[in-house]
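Q: I am new to reading protein structures, and I would like a close look at the inside of this one. Could you take me slowly through its interior, beginning with the empty space and going on to the residues packed around it?

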Amino acid sequence: MALLSSRSSANCTGRSVRRATVAPAPVVKPHSSVAMRFTNNTKQDAAVPAPCDMQFVLDSKFTRESGLQPRVVFRNLTTPQLYEMALAHEPGTHITSSGALATLSGEKTGRSPKDKRVVRDPETEKDLWWGPYSPNYVMDDRTFLTNRERAIDYLNTLDRVYVVDAFVNWDPESRLKVRVVTSRAYHALFMSNMLIKPTEEELKTFGEPDFVIYNAGAFPANKYTQFMTSQTSIDLSLKHKEMVILGTMYAGEMKKGVFTLMHYLMPMQGKLSLHSGCNVGADDDVTMFFGLSGTGKTTLSADPKRPLIGDDEHVWSDKGVFNIEGGCYAKCIGLKATTEPEIWNAIKFGTVLENVDYNPVTREVDYESERLTENTRASYPIEFMNNARIPCVGPHPKNVVLLACDAFGALPPVSRLTLEQAMYHFISGYTAKVAGTEMGVTEPTATFSACFGSAFLMLHPYKYATMLAEKMKAHGTTAWLINTGWTGGKYGVGKRISLKHTRAIIDAIHSGELDKAEYVTTPIFGLQVPKAISGVPAEILSPENVWPNKDEFAMCLNSLGHMFIRNFEHFNDGEQFVGKDTAARILTGGPQPIAKEDVEKKGFGAFKTQ
């Protein structure tokens, strides 16, 4: 250990150890003792980065409290160095034909929301949303410390540990320092992509982090520990400003852990955290895109005509909007260069491809394959997007777009929302899964995720929605509901609304065309639908016009309205967070379905009496 502490801090970034000519990286078996080559004063292999002076870890109060005592630390390695370490030590890792690093997350190929725990402590519990429909599953402080000790004990046994020190929030006034401690080079590269990279000077003076993630995901939780339901546990403590990961190596848990933290810290400062994409036009007009997986949020925010502020996580403050992250996290199942060229071109050297399938000889990725998972992902720095806006900040949004992939084919392709409707549909977070994804499922299935990201909420959905409406009103922002799902019938009968038409709708919003359009009001949901849009067939704008049977449309639309009402019963406790008047106002933005029997008897004609 004496030799480790004598190394210069320049080696922490790996920038002083590269040579003009380097030998091929040695094939090192997982868990072989790289540490021994360093600590025994033997000559360092040119292709292996030098470990860090660990004083920055040892001086941290987080280290002293947790008991972290790593043997060897690699801090903020460069992308090539992390490639080499991942290829040498992590089986199943390869370089693809585009130069991206393809890797595997093990058994867990997605997040484990039911294994996420939030420590309930006296200082914060009154602000957080608890209860049967809250995503915040309770854990006590003692159990958190038990799991932290388990994670630390594991990390202390390893031959090498990777540390990433970086920032969140592009707004300097809101910037926070995050430290990630992990056992895998791919995790370090992933978070190096997703967080905001410090300069060399900022890294030297990084000091004490504001939040630490201990990722011991290769080691299981003890399922017999109190509050555990499996061998996976993702634990967040606001008191300790720490997160512990056990039993899952899915990298998205780290990214979303930081986002969950922001969902508490930012609203407490009067800044609204949002699960959204965001871009900006030539006139500095910002649009935010909300939507669940498969609705087109990433695709539509990546508009070649409008610089990208960010694809997933933002904050709306009194000064405008800013991206939380330094990277993008695109779902890449079905990715095509013709339909999403910006994302396609961003997948190159430095990108992490998680759980993708590829040709073992050519290393060409098969983006259509679901052999490993349907949830294939790409993580890359935002500057890989040719039209990224750096710094990732913008003025107050002119438009917010709520995206729904309605597989029932009942919602119009676009509608303008009132403030009350915007709050209601934002809280609903609706989309629909298509039939055929599970055995015996023959009809589309409605999916609701509060604020388009229920799993990451810390406060009650009413709180976020109220803040959204207040900011929209203050800055003259218009809300739009866009259906990227089916038209002419539900899934299996109608067809998917074309991306070309959806893009034309977005263009009409940005050009101001829809500000001057003539509107009609839909039944049940009371949505304002434009009569005409350039580049979009007029008949599809009112969905009943393209359904083969209007009476069947009426039953489908009315049924969807009842689904919204039932879902909103989950939020009946919202009054205590925003007050009685605001809670009542939110409810006025919802649908007004009628009795099922009336629609079955009168069909579409039942709507004429509304």
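A: What follows goes through the cavities, then the nonpolar cores and the domains, and then some single residues.

Please keep in mind from the start that this is a predicted model. To look for empty space, one can imagine a probe being rolled over the atoms: a probe the size of a water molecule shows where empty space is left. When the whole structure is searched in this way, six cavities of 30 Å³ or more are found, and the largest cavity has a volume of about 110 Å³. Its lining is made of 13 residues, and the closest to the centre of the cavity are Lys116, Ile234, Glu253, Lys256 and Thr260. Sorted by class, the lining of the largest cavity holds six nonpolar, three polar and four charged residues. Two elements, strand E9 (233-237) and helix H9 (252-268), each give at least two residues to this lining, and H9 provides the largest share, with four residues.

Helix H9 is worth following a little further, for methionine 266 also lies in it. Is methionine 266 buried or exposed? Methionine 266 counts as buried because its relative accessibility is 1%, where the cut-off for a buried residue is under 20%. If neighbours within four places in sequence are left aside, methionine 266 is in contact with Asn169, Ser174, Lys271, Ser273, Val315 and Phe322. Glycine 488, by contrast, is 222 residues away from methionine 266 in sequence and 42 Å away in space, taken from C-alpha to C-alpha.

One of the contacts of methionine 266, Asn169, deserves a closer look of its own. Asparagine 169 sits in the loop between strand E6 (161-168) and strand E7 (176-182), and with a relative accessible area of 1% it is buried. Most residues other than glycine have a negative phi, and most peptide bonds are trans. In asparagine 169, however, phi is positive, near 80 degrees. Lysine 241 has a positive phi too, near 60 degrees, and its place is in the loop between E9 and strand E10 (242-246). Lysine 241 is partly exposed, with a relative accessible area of 42%. As for the peptide bonds, a cis bond joins isoleucine 390 and proline 391, with omega at about -5 degrees. Proline 391 is in the loop between strand E21 (377-381) and strand E22 (393-394).

From here we can turn to the packed interior and to the way the chain is divided. The protein is split into domain 1 (54-271 + 317-384) and domain 2 (396-607), and the C-alpha centres of domain 1 and domain 2 lie 33 Å apart. The contact between them takes 29 residues from domain 1 and 19 residues from domain 2. The largest nonpolar core has 137 residues, and those with the most contacts inside it are Ile213, Met288, Leu353, Tyr380, Phe426 and Leu560. Helix H15 (residues 550-568) gives this core its largest share, eight residues, while domain 1 and domain 2 each contribute at least three residues to it. Leucine 560, leaving aside its neighbours within four places in sequence, is in contact with Asp406, Phe408, Ala410, Leu411, Tyr430 and Phe525. There is also a second, separate core of 25 residues, including Met54, Val57, Met139 and Val212.

Two further buried residues complete this look at the interior. Glutamate 90 is placed in the loop between helix H5 (79-89) and strand E2 (94-95), and it counts as buried because its relative accessibility is 7%. Among the residues in contact with glutamate 90, apart from neighbours within four places in sequence, are Thr103, Arg184, Ala185 and Tyr186. In sequence, glutamate 90 and tyrosine 186 are 96 residues apart, yet in space they are 8.4 Å apart, C-alpha to C-alpha. Threonine 487 belongs to strand E28 (residues 486-487) and is buried as well, with a relative accessible area of 10%. Not counting residues up to four places away in sequence, threonine 487 touches Gly494, Lys495, Ile497, Ile540 and Val546.

Definitions and conventions. Residues numbered from 1 in each chain as written. Predicted model: local features only at pLDDT ≥ 70, side-chain atom pairs only at ≥ 80, totals over all residues. Heavy atoms only, no water. 1 Å grid on protein atoms, 1.4 Å probe; cavity = no way out; pocket = protein on both sides within 12 Å on 5 of 7 lines; lining within 4 Å. Points joined across faces, edges and corners; volume = space filled by probe spheres on them. Nonpolar A, V, L, I, M, F, W, Y, C, P; charged D, E, K, R; others polar. Core = buried A, V, L, I, M, F, W, Y, C linked by side-chain atoms within 4.5 Å. Buried < 20%, exposed > 50% of the residue type's maximum accessible area, 1.4 Å probe, protein only. Domains from an automatic or database assignment. Contact = heavy atoms within 4.5 Å.
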